[in-house]
Amino acid sequence: MSPIGVQLHVQDTHVMIDNGILQLTLSNPDGIVTGIRYNDIGNLLEVLNEESNRGYWDLVWNSPGTPGTAGIFDVIKGTSFNVVVETEDQVEVSFTRTWDASQEGKLVPLNIDKRFIVLRGCSGFYSYAIYEHLKDWPGFNLAETRIAFKLRKDKFHYMAMADNRQRYMPLPDDRLSGRGQALAYPEAVLLVDPVEPEMKGEVDDKYQYSCDNKDSQVHGWICTNQPAVGFWMITPSNEFRSGGPVKQNLTSHVGPTTLAVFLSAHYAGEDLVPKFSAGEAWKKVYGPIFIYLNAAMVGDEPLSLWEDAKEQMITEVQSWPYSFPASDDFPKSDQRGSVSGRLLVNDRYISDDNIPANGGYIGLAPPGNAGSWQRECKDYQFWTKTDENGYFFINDIRTGDYNLYAWVPGFIGDYRYDLAITITPGNDIEVGDLVYEPPRNGPTLWEIGIPDRSAAEFYVPDPNPKYINKLYVNHPDRFRQYGLWERYAELYPDGDLVYTVGTSDYKKDWYFAQVTRKIDNNKYQGTTWQIKFKLENVDQGNPYKLRVAIASATLSELQIRVNDPKANALFSSGLIGRDNSIARHGIHGLYWLYNVDIPGKLLVQGDNTIFLTQPRSSGPFQGIMYDYIRLEGPPTSSSKN
């Protein structure tokens, strides 16, 4: 251990914690991070900002019954400071804000306890918070909560969030009027006169740096001035994040800003806004997350700090759940349980034998219907992936009642284990072999795409050369470029997409999103795509089954017609989705699966056409991203093709 113990200095308006590696300064009793001194830099946070706008917990809330995802933005300021632990090895401090009836309508009805921890010999600090709503308090909606850090713009210019998603970033000044030009929405700005001339003509948009929860464990910034310094947000567990492993959240973006988002409606909409009623008791611990600081030796490559941060992330993940947080609301490893077993898939039209679920997502979430986990946003979830033989082990699960859920790339639909699972301290539950039977009526006649809850396999066009982010040129995430919704009408000027089974290639001929078509200034129209296919024989006495898996939907509607584009719709989804994934450069949002019966009498021997219409057309961002489409014939006596 470091020879220097952790020291706590309490003053009237500030609290400073020093472990000889860093000095962490917080406002008293607000609990706002006002200063981080490290490696001879007096403050890593933006000294030009007010103290209350440097490092803080915040939330967005609203009164019950309020629709949508907007609300009252609240930087959480404590009213009481308390020392929880003070030893040479650890200092943990608490900043609490307690609610009472006199604050009704003014503050969110929550008791909030923000904690900060500095350990001996540790190059960084931890933060977590305990939110509690008492049973007799009024209800509320909680649209977002997170922790944010605003770094010094004169020092931190290089951002990294993945091996292939890192770059020198524009300055916040570049987004201001004169240097930047706002595009279709305020977050997207065209750099017309940036401070660094080589960035001229690029688009900056914070949503281009969103990330799935499962992939967002470390991100941050590097000050490349010698000696180089790194500032990293490490999220060692997803248990406290809402919406499951493929929920997308913001990470780091121009500011320079770094976020740990615990709850948000991004890429999902109001379904991911928890609504608490009067009479509903609730408590949740968000975090701890770890803010890691590192420095390179003089002459070392600054980007080595990213490699070091990834190694530190692995260390933090392996240390979860931490043993040192003092709150009884954060259970240690011996107070938790585990679940293990094996997941198999039974699709008799693919194999007579059960198929091991290779790379399946399996997890515990609060009780609900199959697939309900993707909209669950109040409590904890615990996920892992199955190995190549279908085996899984979910460890360090908080006590409580859960259902076991799964979905398997390569197969449609959602699995839920029939029996509820109750976790008690120290118990290890072995569920044995579980068999998922994905939706299936008959043999596959044709299919489009890959059932993986994403539209990434489909055709994503090059962006308009006027609106490029250079990071995503020749990048697997081509969909993160700005303005791709406008390219559809350019590629299909005279008519909508027609896909011919057997000759078309979904990687080239199926556009990644069924968007609206712009026909005039601020006027749009819906689109109808066609799937043309041949049938050698038709069983007109039995229904066929069309499976349509949707990766994302935004204020859209799916209408399906067969062989007659002017007939009444055989199927309509009604208005679905508020993901906004088209505008925010996501390639997926919430998952929808529709299973549509097509009467055999609607089909003919020879040429057939299925018409997919998305008629809603009040703006450019409405539309559907398909995941996978399959037509099944009627059941056959022999199963495997």
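1. Let's start with Ser-338, which sits in strand 25 (residues 337-345) of this predicted model. Is Ser-338 buried or exposed? Its relative accessible area is 4%, under the 20% cut-off, so Ser-338 counts as buried.

2. The surroundings of Ser-338 are worth a look in your viewer. Beyond its neighbours within four places in sequence, Ser-338 is in contact with Phe-393, Ile-394, Asn-395 and Ile-397, and also with Ile-423, Asn-427, Asp-428 and Ile-429.

3. On to the nonpolar cores. The largest one has 165 residues, and the members that touch the most others are Trp-510 and Tyr-626. Strand 24 (residues 282-295) supplies the largest share of this core, with eight residues. Apart from it lies another core of eight residues, including Ala-148, Tyr-207, Val-261 and Tyr-267.

4. Which residues does Trp-510 contact, once neighbours within four places in sequence are set aside? Among them are Ile-448, Phe-458, Tyr-459, Leu-497, Asp-505, Leu-612 and Ile-629. Tyr-626 is also in contact with Trp-510, as are Tyr-499, Trp-529 and Ile-531.

5. Two of those contacts lead nicely into a sheet. Tyr-499 has Ile-531 as its bridge partner in strand 39. Strand 35 and strand 39 (residues 527-535) run parallel and are joined by three bridges.

6. Here is the wider sheet: it is open, has five strands in the order 35-39-45-41-42, and its pairing is mixed. Strand 35 (498-500) and strand 42 (571-572) each have a single partner strand, so these two stand at the edges, with one side of each left without a neighbour in the sheet.

Notes
Residues numbered from 1 in each chain as written. Predicted model: local features only at pLDDT ≥ 70, side-chain atom pairs only at ≥ 80, totals over all residues. Heavy atoms only, no water. Pairing = 2+ DSSP bridges. Helix = DSSP H or I, 4+ residues; strand = E, 2+ residues; numbered from the N terminus. Core = buried A, V, L, I, M, F, W, Y, C linked by side-chain atoms within 4.5 Å. Buried < 20%, exposed > 50% of the residue type's maximum accessible area, 1.4 Å probe, protein only. Contact = heavy atoms within 4.5 Å.
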